[in-house]
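User: I have a structure open and would like to talk it through before I go back to the bench. Can we take it piece by piece?
Analyst: Of course; put it up and ask whatever comes to mind.

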Amino acid sequence: MSTPSVATTGTTSRWRALTHHHLFWPVAVLIALLLVNVPFTPDFFSVRMTDGHLYGSLVSIVLFGSPLILVAVGMTLVIATGGIDLSVGAVVAITGALTCSYISDQTDQNALSAVFLAMGIGLVAAVLCGLWNGFLVARMGIQPIIATLIIMVAGRGVAQLITDGQIITINSEPYKLIGGGYWLTLPFSIFVVAAVVAITVALTRRTALGLLVESVGGNAEASRLVGIRSRRIKIMVYMFCALCAGIAGLMISSNTSAADGNNAGLWIELDAILAVVIGGTSLLGGRFSIGGTVIGALVIQTLTTTIYTIGVPTQTNLVFKAVVVIVVCLLQSPKFRAKVFGAKGRGQATPAQAAPAADAAPKMEVSR
Amino acid sequence: MSATTKTPAAPESRTTAQASTAARLLGDRRLPVLVTAALFLAMYIAGLGRYQNYGFTEPQVFLNLFIDNGYLLVAAVGATFVIMSGGIDLSVGSVIGFTTMFTAWLVERQGLPLLLVIPLALGVGAFGGFLMGYVIHNFEIQPFIVTLAGLFLFRGLCLVISKESISISDSSVSSLAQAQASLGVGFLSIGAIVAMAVLGVAFYVLHYTRFGRRVYAIGGNEQSALLMGLPMGGTKIAVYTVSGFCSALAGLLFMLYIQSGDPLHAVGMELDAIAAVVIGGTLLTGGSGYVVGTLFGVLVLGLIKSLIQFEGTLSSWWTKIATGVLLCAFILIQRAMTARKQT
């Protein structure tokens, strides 16, 4: 539009296509945030090898961001069905509490079988929480925000009940690997996250599952009439979200070698929702972007790291976060864009919404 | 949902009569409030029976429910307005925390007189609510996200003021905190009296003013309210302003109650407030409920706490579990009621 005459129509339209891609703004924010660090720490992007491990700011951003990415990926699918899951923080606490208390009861805390069993117990409990949420939402028809509020309130109580109000510390080498260990020079948690993200993307974009989830989020009743088992899809999605939260719980408790019923995963649900929103998934449901969510989670973690590196007092962290939330939400609001950027606002809103639907459409299959 | 087509053919007379009585009972909007009130009474009587030798029978134990939960009542009243209009406010706990910090800082560190600080704090809270309402209405962003940003913002501002807690030794604060109104059988603190006054005003506003009607109308059906020509924007923004004001007032009462400012005061209190509103029988979809129910919701939550104290052997986390269980029960009751209305 106002681009100088040098630009041909071809590059303009390509530029437009780029800026209208649904990942453009999240990625732009991420890159901008990363670049902010360079004047303060010139070797910000350098990654060095020490003791056979890779160290560097980029590695640590992914390492510390892993639990958030996991929780946010699960949350994305829940939000895609038009729901929301407030209970993930409590599920993180419950999983950590169960796993650590089981391991701490063992005489040999390094025994692999015991560690696997402990993790199994923790994850099963997490999935049961998800089943309960899904049951309330899909079967009883309760608003998701309220249904999951129950476990959000009661869950921390249960976690404290399991740990008896104490912070249980453990000393288990194999368990330490998940959240604090290294494998193939990289933090092990990166592999866990990569696996979960890959499986999720494969399930939702290579099969019809993603389309079904979006369809349920678009209109649950219509989907049911078409023959999609929308209730079952919803329950599954909540169970998946809780499972992701459970894995994140393992990671957090493993990283600190302790289970804290009160503080483990505190406010992670809010960060996760934030990551999903930054990633461009609408809270109204009906479409989602796992890639966007991963980038959103990285944006949040980078923001935290940036605040540390540029020497701003860490307590202003939350204020920055609040500003980012508002800015991102305003940028995504068609009404705000219409008011600020004038008529452009209307044109911008449509391609972003049309894009995911378009790439999902060819995979449409007739379901049961 | 699928049951609608089957009902008419069923054998009539007694079954339908029973069904209609049940329907009328379930359809009565006052039912949830009555259930909560009954629950409160039952719990109180059970407490009387169980702990009569430990001083539970004293009237002061009952009055302490108001003294110890006055701030929560004020916050929950604000939340009632928002929920009644079909929205939600997650910033309540943070605004409370911020107010304690803000007032403690101004009174202790800056030496401002309390009389000046109180209106200032209330103004900041109300303005915060106004801003959130403005963004929610004008840019059509979901209340959940906007008030989430408010949660981060106010909690962050607490920490910007100071990382450590500020205890208040100002004489005007301590004399206000210790002021008591004697009721013959016991006494009430200033906080409890303010809370009851707020409840009274809210009751009047919601049930007897045009503004209250609008809040109900918007919560009931936004589209219809708009078509009727109700001032949607003004009402929505006002509702969040009320909530911000109530949160700040709750913060002042909390500051009086604890006599300190701490950046971690009232973390998660928005959930207590929402839980109290839900247990009090207000529909979370908006448009239906009574502010008196919120009072009973707060009293039930407070009574759980004091019963656990009297029990002695139970730990504080049972409060959370009991709150969750109650929340669940009341949500299911609400669900049963709304399901009735739809068919």
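User: What about α14(A), how many residues has it and how far does it reach from its first C-alpha to its last?
Analyst: In this predicted model, α14(A) has 16 residues and reaches 23 Å between its first and last C-alpha atoms, close to the 22 Å expected at 1.5 Å a residue.

User: And which of its residues are buried?
Analyst: The buried residues of α14(A) include A:Leu318, A:Val319, A:Ala322, A:Val324, A:Val325 and A:Val328, and A:Asn317, A:Lys321, A:Cys329 and A:Leu330 are buried as well.

User: What covers them?
Analyst: The cover comes from both chains, since it includes α12, α13 (290–309) and α15 of chain A together with α5 and α6 of chain B.

User: Then let's go to the interface. How many residues does each chain put into the contact?
Analyst: Chain A gives 47 residues to the contact and chain B gives 37 residues. The area buried between chain A and chain B is about 3800 Å², and carbon and sulfur atoms give 81% of that area. In chain A, the residues that lose the most area to chain B are A:Val153, A:Trp267 and A:Gln315, which together make up 15% of what that side buries.

User: How many salt bridges and polar contacts go across?
Analyst: The rule finds 1 salt bridge across the interface of chain A and chain B, and the count of residue pairs in polar contact between the two chains, with both residues at pLDDT 80 or more, is 2. As for the elements on the chain A side, those that give two or more residues to the surface touching chain B are α5 (112–139), α6 (144–162), α12 (268–278), α14 (317–332) and α15 (334–341) of chain A. The largest share of that side, 12 residues, comes from α6(A).

User: Which side chains make the salt bridge across the interface?
Analyst: They are the side chains of A:Lys335 and B:Glu140, which meet at 3.5 Å, N to O. B:Glu140 lies in the loop between α5 (114–138) and α6 (143–161) of chain B, whereas A:Lys335 lies in helix α15 of chain A, so the pair joins two chains.

User: Is B:Glu140 buried or exposed?
Analyst: B:Glu140 is exposed, with a relative accessible area of 57%, while its partner A:Lys335 counts as partly exposed at 33% relative accessibility. The backbone of B:Glu140 deserves a look too, as its phi is near 50°, a positive value in a residue other than glycine.

User: Where else is there a positive phi in a residue other than glycine?
Analyst: One other case is A:Asp164, with phi near 60°; A:Asp164 sits in the loop between α6 and β3 (167–169) of chain A.

User: Back to contacts across the chains. What does B:Thr323 touch?
Analyst: Leaving aside its neighbours within four places in sequence, B:Thr323 is in contact with A:Val153, B:Ala275, B:Leu301 and B:Ile304. B:Thr323 belongs to helix α14 (residues 317–342) of chain B and counts as buried at 6% relative accessibility.

User: How many salt bridges are there over all chains?
Analyst: A search of the whole structure finds 5. One of the pairs is A:Glu214 with A:Arg205, whose closest N and O atoms are 3.4 Å apart, and both of these residues are buried. Another salt bridge links the side chains of A:Arg224 and A:Glu221 at 2.9 Å, N to O.

User: How far apart in helix α10 are A:Arg224 and A:Glu221?
Analyst: They are 3 residues apart in helix α10 (residues 220–226) of chain A, which means that about one helical turn separates them. A:Arg224 is partly exposed at 41% relative accessible area, and A:Glu221 is partly exposed at 36%.

User: You mentioned A:Arg205. Which other residues of α8(A) are buried?
Analyst: Besides A:Arg205, the buried residues of α8(A) are A:Ser189, A:Ile190, A:Val192, A:Val193, A:Val196, A:Val197, A:Thr200 and A:Thr204. The buried residues cover an arc of only 160° around the axis, which puts them on the same side of α8(A).

User: Last one, on chain A overall: how many helices and strands are there?
Analyst: Chain A has 16 helices and 6 strands, and 52% of its 368 residues count as buried. Among the contacts in chain A with a separation of 6 or more, 75% are between residues 24 or more positions apart.

Methods
Residues are numbered from 1 along each chain as its sequence is written. Chains are lettered from A and ligands numbered from 1 in the order in which they are written. This is a predicted model: local features need pLDDT of at least 70, side-chain atom pairs count only at pLDDT 80 or more; totals for chains, interfaces and linings use all residues. Side-chain values use heavy atoms; hydrogens and water are left out. Buried means under 20% relative accessible area, exposed over 50%, partly exposed in between (1.4 Å probe, protein chains only). Helices (H or I, at least four residues) and strands (E, at least two) are DSSP runs, numbered from the N terminus. The arc is that of the directions from the helix axis to the C-beta atoms. Contact means heavy atoms within 4.5 Å. Buried area is the accessible area (1.4 Å probe) that two parts lose on being put together, summed over both. A salt bridge is a side-chain nitrogen of Lys or Arg within 4 Å of a carboxyl oxygen of Asp or Glu. A polar contact is a pair of N or O atoms within 3.5 Å; within protein, one must be able to donate a hydrogen and the other to accept it, and residues adjacent in sequence count only if both atoms are side-chain atoms. The expected span of a helix is 1.5 Å times one less than its number of residues.
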